[in-house]
Amino acid sequence: TRSWTPPARGDISTYYLGINRGKRSIVLDLRDEGDRELARELARRADVMIQNFKPGGLAKYGLDAATTRGANPGLVYASISGFGQREGAAVPGYDLMVQAISGLMSLTGAADGPPYRAGISVFDVMAGTHAVIGILAALRHRDATGEGQEVEVNLLSSALSGLVNHSSAWVAGGVVPFRMGNAHPSVYPYEPLPTADRDLIVAAPNDRLFRKLCVVLGIPDVPDDPRFARNKDRTVNREELRPILLERLATRGAQEWFELLVDAGVPCGPINTVDGGFAMAEKFGLEPIVAAGEGERALPMARNPITFSATPTAYPLPPPELDEHGVELRKWLAS
């Protein structure tokens, strides 16, 4: 991703910068026997090895799971592929392909429009997260037994898991879900609604919250209407309920409604651009931007979302330059 531009900071892709802090970089040419031996030595010393070559692609270098775990039985060997180790092993895997194949794109976009990809590589991120969960579980097993193991993740399985309620609609209910724009198939209201100046996300997914919403909007009797009394009623009769809500929302702007609804405990929020998202995180005291590295190498980056009470996250290493640590790592591996 170093060359995936724009945007860039200097000559380096911000995409690359965003996903490579906290790492050391060494370049090894696996066609060279000396470098292959260094790679095998690195695996022999490692707690965890993560690779995303095509299934079977590392065997010719002696870096497959069986070989590396033979030399290091405690190794947790994690593989991430597009479509698994079986019939889909030869199919290259990119996030956009999996968004299409999994059905996610069929769910994204206006009901009467074409399918759309999500705004980020959602299944790349999700599969990576699943791999981390698997690695941590395998390390706990190793703590108890001394035994490492293989952890396998593929983008398509992560995608089908990540479709959650839509996957269940098909698997458990035999229902193929479809695009609904920003609407939710099972809850209403739970979508952007126009106010006097701009849209506001309004989420009232249960009867209590819906009643609070109506009180703030000045229509407290609406929840007593049998058409809108329960969530399933509101979902079925959303086309009758929507104009009632919009008439009231049109009397104030989004910011004013946001403050009134939040004060009443009703979930809602503005539709921000990314800079607005960071600004709101700052407002909430989340300190979303940190510096990775020190001195001239320090870079502003998004904060790790996990906080620890005893072991606060540190950011000592900025994203590395190519082979930045090659000399010191080769020396260490040769020792």
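**H11 and its neighbours**

I started with what the buried residues of H11 touch: they pack against strand S6 (190-194), helix H9 (207-217), helix H10 (231-236) and helix H12 (254-263). Note to self: this is a predicted model.

Next I checked the helix itself. H11 runs over residues 238-249, twelve residues in all. From first C-alpha to last it reaches 16 Å, close to the 16 Å expected at 1.5 Å a residue.

Which residues of H11 are buried? I get Arg 238, Leu 241, Leu 245 and Leu 249. They cover an arc of only 70° around the axis, which means they sit on the same side of H11. That spacing fits the textbook picture: an α-helix has 3.6 residues a turn, so residues three or four places apart point the same way.

I then looked at the other side of H11, where Glu 239 and Glu 247 are exposed.

**H9, one of the partners**

I gave H9 the same treatment. Its buried residues are Leu 209, Phe 210, Leu 213, Cys 214 and Leu 217. Looking down the axis of H9, I find these buried residues within an arc of 140°, so they line one face of the helix.

What covers them? The list includes strand S7 (199-203), H10, H11 and H12. So much for the buried side. Turned away from that side, H9 carries the exposed residues Arg 208 and Val 215.

**Salt bridges**

I searched the whole structure for salt bridges and got 18. I wrote down a few of them.

Arg 227 with Glu 240: the side chains meet at 2.8 Å, N to O. Where do the two partners lie? Arg 227 is in the loop between H9 and H10, Glu 240 is in helix H11, and so the bridge ties together parts that are 13 residues apart in sequence. I looked up how covered each one is. Arg 227 is partly exposed, with a relative accessible area of 34%, and Glu 240 also counts as partly exposed, at 36% relative accessibility.

Asp 233 with Arg 230: this salt bridge comes out at 3.1 Å, N to O. Is Asp 233 buried or exposed? Asp 233 is buried, because its relative accessible area is 13% and the cut-off for buried is under 20%. Its partner Arg 230 counts as partly exposed, at 44% relative accessibility.

Arg 252 with Glu 256: the side chains meet in a salt bridge of 2.4 Å, N to O. Arg 252 is partly exposed at a relative accessible area of 33%, and Glu 256 is partly exposed at 38%.

I also noted a network elsewhere in the chain. Salt bridges with shared partners join Glu 33, Arg 36, Glu 37 and Arg 40 into one network.

**A nonpolar patch on the surface**

Last thing I looked up: which residues make the nonpolar surface patch of about 320 Å²? The answer is Trp 4, Tyr 15 and Ile 19.

I followed up on Ile 19. I find Ile 19 in the loop between helix H1 (14-18) and helix H2 (33-45). Ile 19 has 47% relative accessibility, so I log this residue as partly exposed.

**Recap for the page**

H11 keeps its buried residues on the same side, with Glu 239 and Glu 247 exposed on the other. H9 lines one face with its own buried residues, and H11 is among the elements covering them.

Key:
Residues are numbered from 1 along each chain as its sequence is written. This is a predicted model: local features need pLDDT of at least 70, side-chain atom pairs count only at pLDDT 80 or more; totals for chains, interfaces and linings use all residues. Side-chain values use heavy atoms; hydrogens and water are left out. Patches are made of residues with over 30% relative accessible area and no salt bridge: like charges are joined within 9 Å, nonpolar side chains (Val, Leu, Ile, Met, Phe, Trp, Tyr) within 5 Å. Accessible areas come from the Shrake-Rupley method with a 1.4 Å probe; for residues, only the protein chains shown count as cover. A salt bridge is a side-chain nitrogen of Lys or Arg within 4 Å of a carboxyl oxygen of Asp or Glu. Helices (H or I, at least four residues) and strands (E, at least two) are DSSP runs, numbered from the N terminus. Buried means under 20% relative accessible area, exposed over 50%, partly exposed in between (1.4 Å probe, protein chains only). The expected span of a helix is 1.5 Å times one less than its number of residues. The arc is that of the directions from the helix axis to the C-beta atoms. Contact means heavy atoms within 4.5 Å.
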